Amino acid sequence: MAITIDPRPTVFGDRMIITGSYGAADINIDLSSQLSSIDFAGANSSGAIAIRDTTDTGATPPASSLVFAPDVRIDGTTIRISAGEVAQGGDATTKAPEQAGTFIAIGRRS
């Protein structure tokens with residue numbers, strides 16, 4: 001699935017709110033054609049987010065579930081989305097999200 005930017009952004013003063021959707025393999029969302037800087041960015045998975053049980057340490061309850069949402073980072077005018085957890089090791093900043101979702105960005109208009 002390709003990145004889709006909603007056609008009608010919200011504008012207030014010199015700020016703009018951009019929303020859209022991304023695919024499971026999408027890591028970078030470039031907003032340089034709309035924004036000169038990004039102040040806030042967020043993402044939501046379209047399905048259930050990853051859940052992993054921790055190792056049993058003998059405590060009560062014996063295990064707890066950890067929930068991982070997509071990790072969102074701002075790099076200039078690009079939103080970088082990665083999986084919130086790396087199950088097989090590696091760098092979470094480069095692992096693509098495992099499912100599609102939606103995003104929001106608030107920034108200064110170009």
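What follows is a walk through a predicted model of one protein chain, from its overall layout down to single residues.

Start with the layout. The protein chain has 110 residues, and 25% of them count as buried. There are 10 strands and zero helices, so reading along the sequence gives one β after another, in the pattern β-β-β-β-β-β-β-β-β-β. Contacts often reach far along the chain: among those between residues at least 6 apart in sequence, 64% join residues at least 24 apart.

Next comes the matter of how far to trust the picture. The average pLDDT for the protein chain is 80, and 65% of the residues score at least 70. Confidence peaks in β3, with a mean of 96, and bottoms out in strand β6 (residues 50-53), with a mean of 57. Residues 86-92 are another spot to treat with care, as pLDDT stays under 50 there. For that stretch the model has five contacts beyond four places in sequence. Where pLDDT is low, the predicted coordinates should not be read in detail.

Now for the strand pairings. Strand β10 pairs with β3 in the antiparallel sense, over eight bridges. In this pairing, Met16 sits opposite Gly107 of β10. Strand β10 also runs antiparallel to β5, and nine bridges join these two. Here Phe40 is the residue facing a partner in β10, namely Ile106.

A separate look at β4, β9 and β8 shows an open sheet of three strands, in the order β4-β9-β8, with antiparallel pairing. Its edge strands are β4 (28-30) and β8 (71-75), each of which pairs on one side only. From one strand to the next, the twist averages 20°. Between β8 and β9 there are five bridges, again in the antiparallel sense, and Asp75 stands opposite Thr78 in β9.

Thr78 deserves a closer look. This residue lies in strand β9 and has a relative accessibility of 12%; because that is under the 20% cut-off, Thr78 counts as buried. Setting aside neighbours within four places in sequence, Thr78 is in contact with Asn28, Ile29, Asp30, Ile38 and Arg73. Two of the names in that list, Ile29 and Ile38, turn up again in the core.

The largest nonpolar core has 13 residues, and those touching the most other members are Ile29, Leu31, Leu35, Ile38 and Ile79. Strands β3 (15-22), β5 (35-45), β9 (78-82) and β10 (101-109) are the elements that give two or more residues to this core. The biggest contribution is from β5, with four residues. In soluble globular proteins, nonpolar side chains tend to be buried together. Ile29 gives a feel for the surroundings: leaving aside neighbours within four places in sequence, Ile29 is in contact with Ile3, Tyr22, Thr77, Thr78, Ile79, Ile81 and Phe103.

Charged pairs round out the picture, with five salt bridges in the structure. Four residues, Asp14, Arg15, Asp39 and Arg108, are linked in a network of salt bridges. Within this network, Asp14 pairs with Arg15, the closest N and O atoms being 3.6 Å apart. Asp14 also forms a salt bridge with Arg108, where the closest N and O atoms are 2.2 Å apart. That second pair links distant parts of the chain: Arg108 belongs to strand β10, Asp14 to the loop between β2 (10-12) and β3, and 94 residues separate them. Asp14 has a relative accessible area of 36% and is partly exposed. Arg108, with a relative accessible area of 33%, is partly exposed as well.

Arg73, already met as a contact of Thr78, has a salt bridge to Asp71, with the closest N and O atoms 2.6 Å apart. Arg73 is at 42% relative accessibility and counts as partly exposed. Asp71 is at 24% and also counts as partly exposed, because a residue has to be under 20% to be called buried.

Notes
Residues numbered from 1 in each chain as written. Heavy atoms only, no water. Core = buried A, V, L, I, M, F, W, Y, C linked by side-chain atoms within 4.5 Å. Buried < 20%, exposed > 50% of the residue type's maximum accessible area, 1.4 Å probe, protein only. Contact = heavy atoms within 4.5 Å. Pairing = 2+ DSSP bridges. pLDDT = per-residue confidence, 0-100. Axes fitted to C-alpha atoms, helices over the stretch in contact; angles between N-to-C directions. Salt bridge = Lys/Arg side-chain N within 4 Å of Asp/Glu carboxyl O.
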